[in-house]
Amino acid sequence: MLPSQALPPTVVFALTALQALASDTFIAAIYEHAVILPDPAEEPVSPDDALALMNKNMDVLEGAIKEAAQKGAHIIVTPENGIYGWRFTRESIYPYLEDIPDPVVNWIPCTGPSRFGPAPVQERLSCMARNNSIYVVANIGDKKPCNSSDPKCPSDGRNQYNTDVVFDPQGKLVARYHKYNLFRSETQFNYPKEPEAITFETPFGKFGIFTCFDILFYEPAVLLVSKMQVDTVLFPTAWMNVLPFLTALEFHSAWAMGMGVNLLSANTHNTSMAMTGSGLFTPEGPAAYHSDSATEEGRLLLAELSTHPRLSPSYPPAINWSLYATSIEKFPGENKTFLGAVRKDMFTFSELRHKAGNYSVCQGDLCCHLLYQMSKRKDEVYVLGAFDGLHGSLIKYHWQICTLLKCPSTNLSTCGQPVETARTKFEMFSLSGTFGTSYVFPEVLYSRVQLAPGEFEVLRDGRLKSKHGTSKPLITATLFGRLYEKDLPHPLRTSL
């Protein structure tokens with residue numbers, strides 16, 4: 001018998017590619033990482049100290065990547081800020097940045113690390129991919145010099161970008177994406193001049209990539225799916241959970257269902273900032289997901305996903321999100337309504353006063369309709385709510401939301417405030433609205449911030465319905481619509 005030998009990475013990659021080509025599925029992984037953070041500092045640390053911190057985080061990520069590869073994963077996504085954290089000013093983040101070239105240069109940092117100057121982080125990530133024969137997705141910082149005579153060039157002579165990179169199983173840089181929709185606290189980074197629609201082909205489908213806050217906007221999120229026709233979206237994120245509609249699990253799962261693609265969502269884990277909630281989401285619902293607000297531990301998730309979900313027999317049919325609500329011959333008369341704030345957004349609410357009922361509530365151009373029956377009415381208050389308007393601070397964007405929502409107490413003034421637990425179950429509910437958009441994302445969230453996979457459906461006429469009642473007490477059932485055409489201009493557009 002011949003002694004066993006480890007196959008070269010190129011051979012392993014070829015075999016993996018052939019295996020993937022022969023299958024309608026692939027194995028995807030994400031890692032929710034409890035990031036080791038730097039000490040807060042106004043002044044930059046030395047490059048050696050910056051690299052030392054990043055290597056500590058990459059040690060953890062490398063362990064997850066090895067484990068994922070051993071379990072057969074073809075690709076793994078790691079979180080936004082997963083290598084250096086977020087405690088930075090523009091100046092203090094500089095030692096953590098590297099020059100990341102355009103992938104057209106055909107570069108394998110693992111075998112040619114000095115080709116574009118010092119790049120120890122890219123070299124190590126490339127070697128992780130190459131040594132484990134797996135696609136590796138990571139979030140790092142890019143630096144690009146600019147001409148000081150250009151009025152758009154920052155005073156320090158460089159642009160700094162929040163950047164995703166993808167290395168293939170040979171370690172080659174195959175994708176680079178600069179985050180376009182920066183969150184309000186990301187003052188250490190610049191906006192890229194134009195939104196980037198980044199895609200790349202794999203043996204198991206066409207992939208697109210964007211970062212965190214980007215998911216709420218047309219560019220690049222909707223553009224990648226609707227125009228570029230990607231099969232799977234890679235999504236590094238550092239998502240701070242905000243009830244009742246924007247926890248990572250509920251919105252990211254809803255987005256995958258509403259857009260009809262796979263979403264590989266890898267969240268940063270930091271309970272003090274309410275960061276947790278990662279998953280492998282599909283058009284049919286979550287394949288695997290995890291949320292943990294009790295510990296500071298990372299978590300690896302794997303799942304087998306459809307290579308081309310649009311070709312799957314179970315792919316959801318096209319939905320007319322306003323068909324049912326607009327077809328009601330005489331929309332039920334106005335119930336007694338009141339205003340309540342969900343953060344700073346003023347919703348129009350109507351209290352559900354009975355164990356069963358047929359309610360409607362309107363705001364702006366949106367009317368929401370609810371048919372429901374509670375299993376047993378508890379001493380809890382639920383409302384039907386509608387919102388049609390702009391949300392946000394630095395970047396404003398237009399929501400249309402219909403929601404069946406639990407209030408924190410029997411005091412109606414609390415309706416719209418965050419609540420994580422409930423005791424009331426529903427025998428049935430049917431929620432619909434007169435949406436002015438085809439981009440609507442269905443959410444159902446149970447008590448203790450749990451998803452409800454397989455327990456609800458969206459009919460082709462736009463009704464969000466429970467299948468057989470709710471198996472657990474309900475926090476919210478929501479149709480979250482986005483009218484992208486009513487968004488205010490991107491801050492970059494207003495500054496040009």
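## Salt bridges

A search of the whole structure, a predicted model, turns up 15 salt bridges. One of them pairs Glu80 with Lys179. Their closest N and O atoms are 3.0 Å apart. Side chains of opposite charge can pair when their charged atoms come close.

Where do Glu80 and Lys179 sit in the chain? Glu80 is in the loop between β2 (75-77) and α3 (120-132). Lys179 is in the loop between β5 (173-178) and β6 (198-202). The two residues are 99 residues apart, so the pair links distant parts of the chain.

## Confidence

The average pLDDT of the protein chain is 93. A score of at least 70 is reached by 94% of the residues.

Residues 1-7 are another matter. Their pLDDT stays under 50. For this stretch the model has two contacts beyond four places in sequence.

## Two domains

The protein chain splits into domain 1, residues 25-311, and domain 2, residues 322-491. Their C-alpha centres lie 32 Å apart. Domain 1 gives 29 residues to the contact, and domain 2 gives 33.

How much area do domain 1 and domain 2 bury between them? The value is about 2,700 Å². Carbon and sulfur atoms account for 75% of it. The count of salt bridges between domain 1 and domain 2 is zero. Three residue pairs, with both residues at pLDDT 80 or more, are in polar contact between the domains.

## The domain 1 side of the contact

Three elements each supply at least two residues of the side of domain 1 that touches domain 2: α4 (218-227), α5 (248-259) and β11 (285-290). Which element brings the largest share? Helix α5 does, with nine residues.

By residue class, this side of domain 1 holds 22 nonpolar residues. Five more are polar and two are charged.

## Cis peptide bonds

Most residues other than glycine have a negative phi, and most peptide bonds are trans. Two cis bonds deserve a look here.

A cis peptide bond joins Glu219 and Pro220, with omega at about 5 degrees. Pro220 has its place in helix α4. That helix is among the elements on the side of domain 1 that touches domain 2.

Another cis peptide bond joins Leu243 and Pro244. Here omega is about 10 degrees. Pro244 lies in the loop between β8 (232-237) and α5. Helix α5 is the element with the largest share of the domain 1 side of the contact.

## Positive phi

Which sign does phi take at Asn106? Asn106 is not a glycine, yet its phi is positive, at about 60 degrees. Asn106 is found in the loop between β2 and α3. The loop between β2 and α3 also holds Glu80, from the salt bridge with Lys179.

Gln229 is not a glycine either, and its phi is positive, at about 55 degrees. Gln229 is in the loop between α4 and β8.

Definitions and conventions:
Residues numbered from 1 in each chain as written. Heavy atoms only, no water. Domains from an automatic or database assignment. Contact = heavy atoms within 4.5 Å. Buried area = accessible area lost by both parts, 1.4 Å probe. Salt bridge = Lys/Arg side-chain N within 4 Å of Asp/Glu carboxyl O. Polar contact = N/O pair within 3.5 Å; in protein donor to acceptor, adjacent residues only side chain to side chain. Helix = DSSP H or I, 4+ residues; strand = E, 2+ residues; numbered from the N terminus. Nonpolar A, V, L, I, M, F, W, Y, C, P; charged D, E, K, R; others polar. pLDDT = per-residue confidence, 0-100.
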